[in-house]
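Please report on the helix packing and the cysteines of the structure shown here.

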Amino acid sequence: GRKMSKSLGNVIAPQDVMRRYGADILRLWVASCDYREDVRISEEILSQTAEMYRKIRNTFRYLLSNLSDFNPQHDRVTQTEQFPELDRWASSRTRKLQHDVSSAYDAYQFHEVLRTIYQFCVLDLSGFYLDALKDRLYTEARTSTKRRCAQTTLYAILRVLIEALAPVLVVTTEEVWQIMREAGWVSEPSVHLAVWTAPPDVA
């Protein structure tokens with residue numbers, strides 16, 4: 001709660017933060033601050049920010065790993081009536097996420113963008129959807145419609161998260177995008193050249 005001052009010796013240099021945590025975590029901290037109030041930074045706050053980053057990165061890893069045998073150009077399910085209720089719920093939550101994030105960006109409320117995305121990853125995905133989806137992903141036949149519905153939904157979630165976080169997690173989202181590009185999922189050379197896509201309407 002005290003201002004940084006060289007005489008007090010409580011200065012935290014951005015270069016030190018980047019060396020220890022990386023540039024994306026520094027960007028994540030900046031974006032998570034409510035600039036209408038006093039901006040605070042400490043080792044504890046940076047540690048919490050790093051934990052938020054790990055959660056988001058692990059979400060990317062989980063989504064990518066479960067899409068390793070999926071190609072949206074060939075395997076995507078397009079018939080709305082084929083999606084189970086669970087996938088319809090996840091798609092509905094993803095559309096709401098995209099709407100809320102877009103509104104927050106338009107209002108320059110970057111901390112609301114991150115709060116909304118983080119809660120989506122923790123509560124909607126890890127806390128419910130991904131856990132409930134495991135049986136279908138791991139026990140259904142590889143090319144079964146039920147499994148492809150799940151992967152279609154996961155791919156839509158990944159696209160929305162990557163595009164929504166690209167302005168903040170510049171390096172991380174680009175790394176994920178290049179993986180997607182190498183797999184033939186996307187054509188744009190960079191996530192920063194991509195246009196936001198709408199998740200499928202399967203609700």
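## Packing of α3 against α8

In this predicted model, α3 and α8 pack with their axes 12 Å apart, at an angle of about 5 degrees. Angles under 35 degrees count as roughly parallel, so α3 is roughly parallel to α8. On the α3 side, the contact is made by Tyr 53, Arg 57, Phe 60 and Leu 64. On the α8 side, Thr 172, Glu 175, Val 176, Ile 179 and Met 180 take part.

Sorted by class, the contact of α3 with α8 has six nonpolar residues, one polar residue and two charged residues. Arg 57 of α3 and Glu 175 of α8 are the charged ones, and Thr 172 of α8 is the polar one.

## Helix α3 and its surroundings

Helix α3 covers residues 43–65, 23 residues in all. From its first C-alpha to its last, α3 reaches 32 Å, close to the 33 Å expected at 1.5 Å a residue.

The buried residues of α3 are Leu 46, Thr 49, Ala 50, Met 52, Tyr 53, Ile 56, Thr 59, Phe 60, Leu 63 and Leu 64. Tyr 53, Phe 60 and Leu 64 are buried residues of α3 that also take part in the contact with α8. The cover over the buried residues of α3 includes α8 (170–182), along with α1 (14–21), α2 (23–32), α6 (110–139) and α7 (145–165).

## Packing of α1 against α2

Two of the helices that help cover α3, α1 and α2, also pack against each other: their axes come within 7 Å and cross at roughly 125 degrees. An angle of that value lies outside the ranges for roughly parallel, roughly antiparallel and roughly perpendicular, and α1 and α2 are therefore oblique to each other.

Helix α1 contributes Pro 14, Val 17, Met 18 and Tyr 21 to this contact, and α2 contributes Ala 23, Ile 25 and Leu 26. By class, the contact of α1 with α2 has seven nonpolar residues, with no polar and no charged ones.

## Cysteines

How many disulfides does the structure hold? The count is zero. Cys 33 is in no disulfide, and the nearest cysteine sulfur, that of Cys 121, is 19 Å away. A disulfide needs the two sulfur atoms within 2.5 Å. Cys 121 is likewise in no disulfide, with the sulfur of Cys 33 as its nearest cysteine sulfur.

Both cysteines fall under the 20% cut-off for buried residues: Cys 33 has a relative accessible area of 13%, and Cys 121 has a relative accessibility of 1%.

How values were computed: Residues numbered from 1 in each chain as written. Predicted model: local features only at pLDDT ≥ 70, side-chain atom pairs only at ≥ 80, totals over all residues. Heavy atoms only, no water. Buried < 20%, exposed > 50% of the residue type's maximum accessible area, 1.4 Å probe, protein only. Helix = DSSP H or I, 4+ residues; strand = E, 2+ residues; numbered from the N terminus. Expected span 1.5 Å × (residues − 1). Contact = heavy atoms within 4.5 Å. Axes fitted to C-alpha atoms, helices over the stretch in contact; angles between N-to-C directions. Parallel < 35°, antiparallel > 145°, perpendicular 65-115°, else oblique.
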